[in-house]
Amino acid sequence: MSYQHQYVDGTRIHFPLGKVVCIGRNYAEHAKELDNPIPSEPLLFIKPGSCVVPLEGGFKIPTDRGSVHYEAEIAVLLGKSLSSHASEEEVLDAISGYAPALDLTLRDVQAKLKEKGLPWELAKSFDGACVLPPFVSAAAFDDVTDIPVRLTVNGEVRQDGNSAMMLNPIVPVIQYMARHFSLQAGDVILTGTPAGVGPFNVGDELVLELPGASRFESRVL
Ligand code: ZN
């Protein structure tokens, strides 16, 4: 199924899907669980728009390349482009909405790439590697430094984080990204995953939510 940005009330968002800019190791407990050092500067990578699929109705995972890990993350949708010297106010003004997203990762493939010091695209950019539900308008969020995110798999809470726990908070990390490359309307920012990542299996039932703002049920097909 092809993906199109939309709000939870079903309103379509007119700007096209762009790229997905991601931050790795943005929660200390998650860096620790994978035995990774905490980076001194934000660790960024980009998923192409082609890997985005909708959450609704279920999504497929690769079954021929080792384990596929879920990473539940707060996704930020940009509705305006940002200049390289965007202020905090300009970043906040450019944010159209928030959603809980899945940054799917071929963990065995990534481990091999990391060992060799190679880039992560084979592990992070496969078709279906970014799963997005509809967004809740940014106007509904008073405090961007206090947004919870939670993933429940087969009735068990696996990840339960909050933007308050981020090493690089949402607004400054978007300013950092904008200093390095263009950010445009339709781009999505994935803000890193809290602790609790693990493998998905075909048939898993999940609930992905920004508690208090949006809640979605889905399954691994
Ligand atoms: Zn991630």
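# Group meeting: a walk through the predicted model

Let's start with a helix. The buried residues of helix α5 pack against β1 (20-24), β2, β5, α2 (88-94), β6 and β12. Before I go on, keep in mind that this is a predicted model.

So how many of the residues of α5 are buried? Eight of the eleven, with the helix running over residues 170-180, and that makes α5 mostly covered. The buried ones are Ile170, Val171, Val173, Ile174, Gln175, Tyr176, Met177 and Ala178. If you're wondering about the spacing, an α-helix has 3.6 residues a turn, so residues three or four places apart point the same way.

Okay, next the nonpolar cores. The largest one has 40 residues. Which residues have the most contacts inside it? Those are Phe59, Leu102, Leu104, Leu132, Phe200 and Leu206. Take Leu132 and skip anything up to four places away in sequence: Leu132 still touches Tyr3, Val52, Val53, Pro54, Leu55, Ala75, Ala101 and Val188. There's also a second core, separate from that one, with 28 residues, including Ile95, Ala138, Ile174 and Ala178. You've already met Ile174 and Ala178, on the buried list for α5.

On to the aromatics. The count here is four aromatic pairs. One of them is Tyr70 with Phe200: the ring centres are 5.0 Å apart and the planes sit at 55 degrees, so we call this pair tilted. Where in the chain are these two? Tyr70 is in strand β4, while Phe200 is in the loop between β13 and β14, and the two are 130 residues apart, so to speak of distant parts of the chain is fair. Both Tyr70 and Phe200 are buried. Ring pairs also bring in Phe59, giving a cluster of Phe59, Tyr70 and Phe200. And Phe59 and Phe200 were both on that list of residues with the most contacts in the largest core.

Now for the charges. Side chains of opposite charge can pair when their charged atoms come close. In this model there are 13 salt bridges, and I'll show you three.

First up, Lys47 and Asp103, with N to O at 2.7 Å. This pair links distant parts of the chain, with Lys47 in strand β2 (residues 43-47) and Asp103 in strand β6 (residues 95-103), 56 residues apart. Buried or exposed? Both Lys47 and Asp103 are buried.

Next, Glu71 and Lys124, bridged at 3.3 Å, N to O. Glu71 is in the loop between β4 (68-70) and β5 (72-78), and Lys124 is in helix α4 (residues 121-124), so again distant parts of the chain are linked, here 53 residues apart. Why do we call Glu71 buried? Because its relative accessibility is 5%, and the cut-off for buried is under 20%. Lys124 counts as buried too, at 2%.

These two bridges belong to one network of salt bridges, which links Lys47, Glu71, Asp103, Arg107 and Lys124.

The third bridge is Glu205 with Arg219, where the closest N and O atoms are 3.1 Å apart. Glu205 is in strand β14 (residues 205-210) and Arg219 in strand β15 (residues 214-219), 14 residues apart. Here the side chains are partly exposed: Glu205 has 38% relative accessibility, and Arg219 has 39%.

Last stop, the surroundings of Glu71, where I'd like to point out two residues. His30 is in helix α1 (residues 28-33), and His30 is buried, with a relative accessible area of 5%. What is His30 in contact with, leaving aside neighbours within four places in sequence? Glu71, Arg107, Thr193, Pro194, Ala195 and Val197. Glu71 and Arg107 are both members of the salt-bridge network.

The other residue is Thr193, in the loop between β12 (188-190) and β13 (198-199). Thr193 is buried as well, with a relative accessible area of 2%. Its side chain makes a polar contact with the side chain of Gln159 at 2.8 Å, and a polar atom of the Thr193 side chain lies 2.9 Å from the backbone oxygen of Ala72. Again leaving aside neighbours within four places, the contacts of Thr193 are Tyr27, His30, Glu71, Ala72, Glu73 and Gln159.

To wrap up this corner: His30 and Thr193 are in contact with each other, and Glu71 is in contact with Thr193 as well. That's my tour, over to you.

Notes: Residues numbered from 1 in each chain as written. Predicted model: local features only at pLDDT ≥ 70, side-chain atom pairs only at ≥ 80, totals over all residues. Heavy atoms only, no water. Salt bridge = Lys/Arg side-chain N within 4 Å of Asp/Glu carboxyl O. Helix = DSSP H or I, 4+ residues; strand = E, 2+ residues; numbered from the N terminus. Buried < 20%, exposed > 50% of the residue type's maximum accessible area, 1.4 Å probe, protein only. Contact = heavy atoms within 4.5 Å. Polar contact = N/O pair within 3.5 Å; in protein donor to acceptor, adjacent residues only side chain to side chain. Phe/Tyr/Trp six-rings, centres within 6.5 Å; stacked < 30°, edge-to-face > 60°. Core = buried A, V, L, I, M, F, W, Y, C linked by side-chain atoms within 4.5 Å.
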